[in-house]
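Me: I would like to learn how to read burial, cavities and helices from a model, taking one feature at a time. Could you walk me through it?

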Amino acid sequence: MFTSFFSRLQDKKTAVVLRLCLLGVVNSLLFSTLLLLINNGMQVYEASRRQLSLLGLLFFTLAVISYWCRRQFQLSMIRITNQLLLDYEAGLLKKVIQVDYESFSRMEPATIYTAINDIKVIAQLPRFFVDIVNNGIIIVVSLIYLFTISTSAALILILLIAALGWFYSIKNANLSNAFKQTRDLDDTYYQYLEDLIQGFRQIKLDPAKSHILYHDYLYRNRQRMREMEGEASVLYMNNELTGNFLLLAILGIIVFVFGYFIPFSGAGITSFVVTILYLMGPVSMLISSLPFTTRIHVSFQRQKTFLANVPVAADLLAGDPADHQPADVPARLTMENVSYSYPSRSDEVPPFSTGPLNIHLDTGEVIFITGSNGSGKSTFLLLLTGLLRPQTGSLYVDDKKVQKDTLNDYKQHFAVVFVDNFIFSENYSRIDLDSVDPSTRAVIDLLNLDPAKIRDRTQRSHLSKGQQKRLALIYALLEQKPILVLDEWAAEQDPHFRAFFYHQIIPALKESGKTVIAVTHDDKYFSVADRLIHFDKGQLVEAGITQKLEVPHEA
């Protein structure tokens, strides 16, 4: 846990880290010195006014210095803590955004949300760690001072504090399991929330479903969370109360019992008691911090597990967005002996496989893809667009094989409207609607969508499903990619606009130079396509319009 913290600190400027450590140590020593001056002042209060004045002058001078050191230390801690929070959270988001589609599809969204929450706990580690060091220094200096008053009493006090710490560590073990269970409950809670938000229409249609979702899942999850956090809070409260009263008991033993075994002067017992009263705060802080140590440890372990399941990817976020502009128009794309099998989820059910696929796509073609549900159409599109990497076979751009280091350039050929396409809340492509070429603009005008609804996200909530698909197509066209992939785009359109799409928009796209690949079941419009490709049980069959292609590349 602390190793990861220090590795992060090493990324900062050495001077900043050294300054922080130095200020922390100096501040702790100054506080301890102020305690010693107060004790000495009490001893000479009536004996020497001159010595008391000198001690007072030194006390206030050191108090001012201590104030300045503590303020500088706190400012540095704020900066470093906030920077570490940014580093951890940005690092996690960077890994997620760079992960390949195949790995991401196996991740649960809820685990990402809870991983971000874990980061907020981890970000408190710097302050927690430094507080431990500072309080540790105060305790050490105070114990050294107690040894100057009475060695035997100081040794007994150390043994009592060690016994108290051991007692706390035993009690703290019960909290670890509670913290782990609360994190697991958060995972499922976010899943239920996603069901509520994404499936709100279905929920509102069925009162029984609403009742079950709320009472049996959302409320029961939160109720269990309340029980777990309540149990953890009671354990924490018991530990804290027990610790505080045990410290008070130690103080009582020193005042009322030590005198029978260890000789003390009046001034000596006063200094001893004052020092112990001062020690109660740091000792209590160290002991009561054990539950937070457990919480941080659980968050670290969950972060470690989460990041271990996110494969390391090449840095796609370096450079300028201009580095990822649409690629040049290829003359031909080819899939040669491409096959893919999904991971098996059951020993009894064989995994779905597709391929080997052999096909080429020429610039300017209109290709319709057909097939029943589960026949392999979507897998073909994922392979073609580079979202899934072929397990066997290769992709070619013209005659150049697509390699791992050129895969991202290959993806730049495609703009895709998926069957469940998501409309983003912001214009992440930063494309101006008024800056597109005239041929693309002409196609956008054919889609007959109010420009205000294209530009203003507050207008989009009122769009019908068919209008949302039109908006998604407009965004895809604005990317000005050479190949347009449409997955059952016309399914949500009314009959009139569906006919308009096939007879007007697709020819306009073809005329503008686009290669159009569309998954469709509208057999009455098949004649619009240059080629018709049918999928059956993961196998590709070209039928009706062209003959099956023999790919010229060698395996």
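The dialogue below takes the overall make-up, then the cavities, then one helix.

Me: Before anything else, what kind of model is this, and how are its residues numbered?

Reply: It is a predicted model, in which local features need pLDDT of at least 70 and side-chain atom pairs count only at pLDDT 80 or more, while totals for chains, interfaces and linings use all residues. Residues are numbered from 1 along each chain as its sequence is written, and side-chain values use heavy atoms, with hydrogens and water left out.

Me: How many helices and strands are there in the protein?

Reply: Helices (H or I, at least four residues) and strands (E, at least two) are DSSP runs numbered from the N terminus; the protein has 18 helices and ten strands.

Me: How should I read burial, and what share of the residues is buried?

Reply: A residue is buried when its relative accessible area is under 20%, exposed when it is over 50%, and partly exposed in between, using a 1.4 Å probe and protein chains only. Of the 555 residues in the protein, 40% are buried.

Me: What is a cavity, and how many of 30 Å³ or more does the structure hold?

Reply: On a 1 Å grid over the protein atoms alone, a cavity is a set of points where a 1.4 Å probe fits but cannot get out, and lining residues have an atom within 4 Å of a point. The structure holds four cavities of 30 Å³ or more, and the largest has about 60 Å³ of space. Among the residues that line the largest cavity are V329, R332, L361, D362 and G513, and the elements giving two or more residues to this lining are strand 1 (332-341) and strand 2 (353-362).

Me: Which residues line the second largest cavity?

Reply: The second largest cavity, with about 50 Å³ of space, is lined by L157, I161, L247, I250, I276, L279, M280 and V283. Helix 7 (151-198), helix 9 (207-256) and helix 11 (266-288) each give two or more residues to that lining, and helix 11 gives the most, with four.

Me: Why is helix 13 described as largely enclosed?

Reply: Helix 13 (residues 377-384) is largely enclosed by the rest of the structure because seven of its eight residues are buried, namely K377, T379, F380, L381, L382, L383 and L384. Just after helix 13, G386 takes a positive phi of about 85 degrees.

Definitions and conventions:
On a 1 Å grid over the protein atoms alone, a cavity is a set of points where a 1.4 Å probe fits but cannot get out, and a pocket is an open set with protein on both sides within 12 Å along at least five of seven lines; lining residues have an atom within 4 Å of a point. Grid points are joined across faces, edges and corners, and a volume is the space filled by probe spheres set on the points.
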